[in-house]
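Let's take a walk through this one, starting at a single side chain and working towards the core and then back out to the surface. Keep the viewer open as you read.

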Amino acid sequence: MDFDRNDSKNPQGPDGCFDPFHPANAGLPDDLWCEGCLLTNLYASKYSEHQISRADFWIACANAVIRQTSVNNGLDLRDTFEWGRVDANSCSGQGNRLPSPRGCSQTEDVFLTRMGLTWTDATALMGAHTLGRGDSGFSGHHGTWVPNNNEAMLFDKTYYEEVFLNSWHPRNIGTPREDWTTGNGVDRVMLNTDLCLVMEIDDNMPCCTGTRCTGLSRRCPRLPDNHPRSEAFEAFREYLGGSYPNDNQVPFYNAYREAWRKATTVGQSNLFPLADNCDVE
């Protein structure tokens, strides 16, 4: 989503450009965006002639995916969408501005310092990990954030529940592939940037979360009330929607809607809301 170019102090924002050679984009299919590819053809035939930029089109596509995968299509981001972004034809090296999964210092630098968001916003955006999976052949991190591949196709609050329902153990400690998995197998994953929102892991490794800490005697402590990231912890608990189990997606969806609006408009000064109808005066 071009977060590599979002910066409130150095305004650029989404610009319809990505670096296919950057490691962060490893795993994207070769036919995602290329001459003659399906999505590119759709844009060229339906949208470019109406002066819709690639950046606007990609965000509209993301909005559609989120709506279609949310529970009962409950997260409709139409009201957050504004258009008027300007495309860039080159963005080599801009992927270096993406946050690495090392820990919350990366989240703070990108989302708070550079993009001007809050810990509440950052915690909501991290909930998008409920969709999709990591592949060790591309990112070095393997597994789903939620219980299985089927649930990884649903945009809901399961990500937040899974952090608390499982005992997460670190693996590949001290390497670029450092992350966390459960004791139930290797096909589950959490990143440092996930667990640091609720746990104090920076100075307590190796440790594990939950009560089933097989082979590890130290449990990762939860963030105390006076911790600089306590806002993230409180947001995490709010997005659970109440006592488990429940089907209340409202707190997460409302927070994601606002965080997404900020993230997709930062650095932009000439955006326009959608018209209520298509009548031409």
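**From one glutamine to the core**

Gln106 is buried, with a relative accessible area of 16%. The cut-off for buried is under 20%, so Gln106 at 16% falls on the buried side. Keep in mind that this is a predicted model. You'll find Gln106 in helix 3, and once neighbours within four places in sequence are set aside, its contacts are Leu98, Pro99 and Ser100.

Pro99 is a handy link, since Phe111 is in contact with it too. Beyond its neighbours within four places, Phe111 also meets Gly116, Leu117, Ala122, Leu125 and Met126. Three of those names come up again in helix 4, where Ala122, Leu125 and Met126 are among the buried residues.

So how enclosed is helix 4, which spans residues 119–126? Of its 8 residues, 7 are buried, so the rest of the structure largely encloses it. Besides the three just named, the buried set holds Trp119, Asp121, Thr123 and Ala124. As for what does the covering, look for helix 3 (104–114), helix 5 (158–165), helix 6 (192–195), helix 7 (230–239) and helix 8 (250–265), which are included in it.

Now zoom out a bit. Nonpolar side chains tend to be buried together in soluble globular proteins. Here the largest nonpolar core has 48 residues, and Phe111, Leu125, Tyr159, Trp180, Met190, Leu197 and Tyr256 have the most contacts inside it. At least two residues of this core come from each of helix 2 (54–69), helix 3, helix 4, helix 5, helix 7 and helix 8. Helix 8 gives the most, with 7 residues.

Next stop is a polar residue, Thr209, in the loop between helix 6 and helix 7. Is Thr209 buried or exposed? It is buried, with a relative accessible area of just 1%. Not counting residues up to four places away in sequence, Thr209 touches Val163, Asn166, Ser167, Trp168, Leu195, Met199 and Cys220. Its side chain reaches the backbone oxygen of Asn166 at 3.4 Å. Cys220 is 11 residues from Thr209 in sequence, with 5.5 Å between their C-alpha atoms.

Finally, head for the surface. Trp83 sits in strand 1 (residues 82–83) and is partly exposed, at a relative accessible area of 33%. Together with Phe272 and Leu274, Trp83 forms a nonpolar surface patch with about 260 Å² of accessible area in total.

Terms used. Residues are numbered from 1 along each chain as its sequence is written. This is a predicted model: local features need pLDDT of at least 70, side-chain atom pairs count only at pLDDT 80 or more; totals for chains, interfaces and linings use all residues. Side-chain values use heavy atoms; hydrogens and water are left out. Patches are made of residues with over 30% relative accessible area and no salt bridge: like charges are joined within 9 Å, nonpolar side chains (Val, Leu, Ile, Met, Phe, Trp, Tyr) within 5 Å. Accessible areas come from the Shrake-Rupley method with a 1.4 Å probe; for residues, only the protein chains shown count as cover. A salt bridge is a side-chain nitrogen of Lys or Arg within 4 Å of a carboxyl oxygen of Asp or Glu. Helices (H or I, at least four residues) and strands (E, at least two) are DSSP runs, numbered from the N terminus. Buried means under 20% relative accessible area, exposed over 50%, partly exposed in between (1.4 Å probe, protein chains only). Contact means heavy atoms within 4.5 Å. A polar contact is a pair of N or O atoms within 3.5 Å; within protein, one must be able to donate a hydrogen and the other to accept it, and residues adjacent in sequence count only if both atoms are side-chain atoms. A nonpolar core is a set of buried Ala, Val, Leu, Ile, Met, Phe, Trp, Tyr and Cys residues joined through side-chain atoms within 4.5 Å.
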